[in-house]
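Dear colleague,

I am writing to hand over the structure shown below. Please look through it before reading the notes that come after it.

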Amino acid sequence: MSGGLSPFIHHPPHESVPPNGRIGVLLINLGTPSGTDYFSVRRYLGEFLSDRRVIEMTPWLWKPILHGMVLATRPFRSGANYARIWDRTHNASPLTVITRAQAEGLAKELGPQTPVSWGMRYGTPSISQGLDSLLAQGCDRIVCLPMYPQYSATTTATANDQVFRHLMRLRYQPAIVTVPPFADDPAYIGALAQSVRECWSGLSFTPQRLIVSFHGLPKSYVTAGDPYPRECALTVKALSAVLDLPPQQVLLTYQSRFGPAEWLQPYTLPTVTALAQQGIKDIAVIAPGFMTDCIETLDELDHELREAFLQAGGKNFAYVPCLNATPQAIKLLAGLSRQAMRGLERP
């Protein structure tokens with residue numbers, strides 16, 4: 001190619017890497033602001049809400065709304081919510097702290113021959129930075145593991161999109177395997193069941209209902225072909241079976257509704273407040289759509305939903321934490337990684 005600059009980036013092999021290269025693993029999570037201040041939250045929301053996978057509205061209609069009303073006001077409210085859960089020790093959001101711990105635990109589990117990195121779809125470290133870290137360690141084959149158990153175009157697909165956008169800029173591309181969703185994977189369901197049992201064993205009450213809350217999705221996305229609610233139903237069915245709970249005791253709901261459009265129902269908040277008003281005084285809530293505790297679980301569920309339930313007449317509320325960096329979570333991630341790695345092994 002003569003004249004001008006090449007659009008491609010060349011990554012030379014690392015000197016310490018064996019001639020046959022190595023396999024690396026990239027954990028992908030959603031992302032978080034770098035701080036709770038207005039401008040940090042605005043930057044994060046601007047990137048997140050500009051994603052055409054997340055907001056499918058025609059850009060010429062959505063952009064004036066986003067850069068006008070939404071980004072002018074929402075960072076104040078979201079920043080206050082983040083401030084309630086912020087990890088002051090590490091000066092980072094719980095999502096960042098826990099995702100880093102998950103990557104470190106997975107690296108220890110897989111051993112030094114398999115580098116592990118992590119990246120966020122929105123914010124930092126980015127997916128591109130995570131991939132570059134593995135390339136710098138001589139990885140010519142990479143397993144990309146979006147940590148979304150239930151598939152949606154708004155999560156799994158956009159994470160994979162970002163991986164391949166980065167590959168488009170590379171002169172030397174590694175081979176890539178993306179881990180599929182694992183909504184009813186036995187190891188995942190077993191880990192969820194164990195987390196429920198461990199939580200309930202420390203309670204002074206027996207929950208009358210288990211609320212299984214997933215992040216919501218506009219109904220129009222499902223009509224257009226997104227399989228997300230079917231995947232959520234698979235998780236609830238499998239978890240109920242392993243816990244040996246009757247169907248009427250386990251309720252699937254959807255949280256985090258945004259905007260005026262109709263979203264998947266039933267909604268978590270009105271469901272929970274209605275239960276309290278109907279005489280169901282003791283409940284537990286779990287959010288199995290999240291592998292990592294974050295603003296939607298620690299604040300929206302464990303703070304706002306708890307408060308609403310108690311104000312509506314409820315007596316006891318228990319939040320079951322996400323799998324996070326527990327031993328069962330690390331074993332799950334290792335199992336998913338090893339299964340994908342088999343497709344990249346050389347004879």
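The notes below begin with the whole protein and then turn to particular helices and residues.

**The protein as a whole**

Please keep in mind that this is a predicted model. The protein contains 11 helices and eight strands. Its radius of gyration is 21 Å, close to the 20 Å that the globule rule gives for 347 residues, so the protein is as compact as a globular protein of that length. Along the principal axes, the C-alpha atoms occupy a box of roughly 75 × 50 × 45 Å.

Of the 347 residues, 52% count as buried. The surface that the protein exposes comes to about 16200 Å², and carbon and sulfur atoms supply 56% of that area. If one takes the contacts between residues at least 6 apart in sequence, 79% of them join residues at least 24 apart. As for charge, the protein has 30 positive and 27 negative charges, and the mean positions of the two groups are 3 Å apart.

**Two helices with many buried residues**

Helix H5 covers residues 153-167. At 1.5 Å a residue, its 15 residues should span 21 Å, and the end C-alpha atoms are 20 Å apart, which agrees. How many of the 15 residues of H5 are buried? The number is 11, and H5 is therefore described as mostly covered, where buried means under 20% relative accessible area. Among these buried residues are Ala153, Thr154, Asn160, Val163, His166 and Leu167. The elements that cover them include the strands E1 (22-31), E2 (116-122), E3 (139-146) and E4 (175-178), together with the helices H4 (127-136) and H7 (219-223).

Helix H6, residues 186-201, can be checked in the same manner. Its 16 residues should span 22 Å at 1.5 Å a residue, and its end C-alpha atoms are 22 Å apart, which agrees. The buried residues of H6 include Tyr188, Ile189, Leu192, Val196, Cys199 and Trp200. Which elements cover the buried residues of H6? They include strand E5 (209-215), strand E7 (282-286), strand E8 (316-320), and the helices H8 and H11.

**Three buried residues and their contacts**

Arg121 is located in strand E2. Is this residue buried or exposed? Its relative accessibility is 7%, so Arg121 counts as buried. Arg121 and Leu30 are 91 residues apart in sequence, yet their C-alpha atoms are 5.1 Å apart in space. Not counting residues up to four places away in sequence, Arg121 touches several others, including Asn29, Leu30, Glu47, Asp51 and Arg165. Two further contacts of Arg121 are Thr158 and Ala159, and both of these are buried residues of H5.

Ala340 belongs to helix H11, which runs over residues 327-341. With a relative accessible area of 13%, Ala340 is buried. Which residues does Ala340 contact, leaving aside its neighbours within four places in sequence? They are Val143, Val177 and Val179. Val177 lies 163 residues from Ala340 along the chain, while the C-alpha atoms of the two are separated by 6.7 Å.

Gln249 sits in the loop between helix H8 (228-243) and strand E6 (250-255). Gln249 is also buried, at a relative accessible area of 17%. Apart from residues up to four places away in sequence, Gln249 touches Pro207, Gln208, Arg209 and Leu210.

**Backbone details in the loops**

Most residues other than glycine have a negative phi, and most peptide bonds are trans. The following places in the model depart from that pattern.

- The peptide bond from Thr124 to Pro125 is cis, with omega near -10°; Pro125 is in the loop between E2 and H4.
- Gln265 and Pro266 are likewise joined by a cis peptide bond, with omega about 5°. Pro266 is in the loop between E6 and helix H9 (268-277).
- Asn91 is not a glycine, but its phi is positive, near 50°. Asn91 lies in the loop between helix H2 (59-85) and helix H3 (94-110), and is exposed, with a relative accessible area of 58%.
- Asp244 also has a positive phi, about 55°, although it is not a glycine. Asp244 is in the loop between H8 and E6 and is exposed, with a relative accessible area of 66%.

With kind regards,

A colleague

Key. Residues numbered from 1 in each chain as written. Predicted model: local features only at pLDDT ≥ 70, side-chain atom pairs only at ≥ 80, totals over all residues. Heavy atoms only, no water. Helix = DSSP H or I, 4+ residues; strand = E, 2+ residues; numbered from the N terminus. Rg over C-alpha atoms; globule rule 2.2 N^0.38 Å. Buried < 20%, exposed > 50% of the residue type's maximum accessible area, 1.4 Å probe, protein only. Contact = heavy atoms within 4.5 Å. Areas by Shrake-Rupley, 256 points an atom, 1.4 Å probe, with all protein chains shown as cover. Lys, Arg positive; Asp, Glu negative; His and termini not counted. Charge placed at Lys NZ, Arg CZ, Asp CG, Glu CD. Expected span 1.5 Å × (residues − 1).
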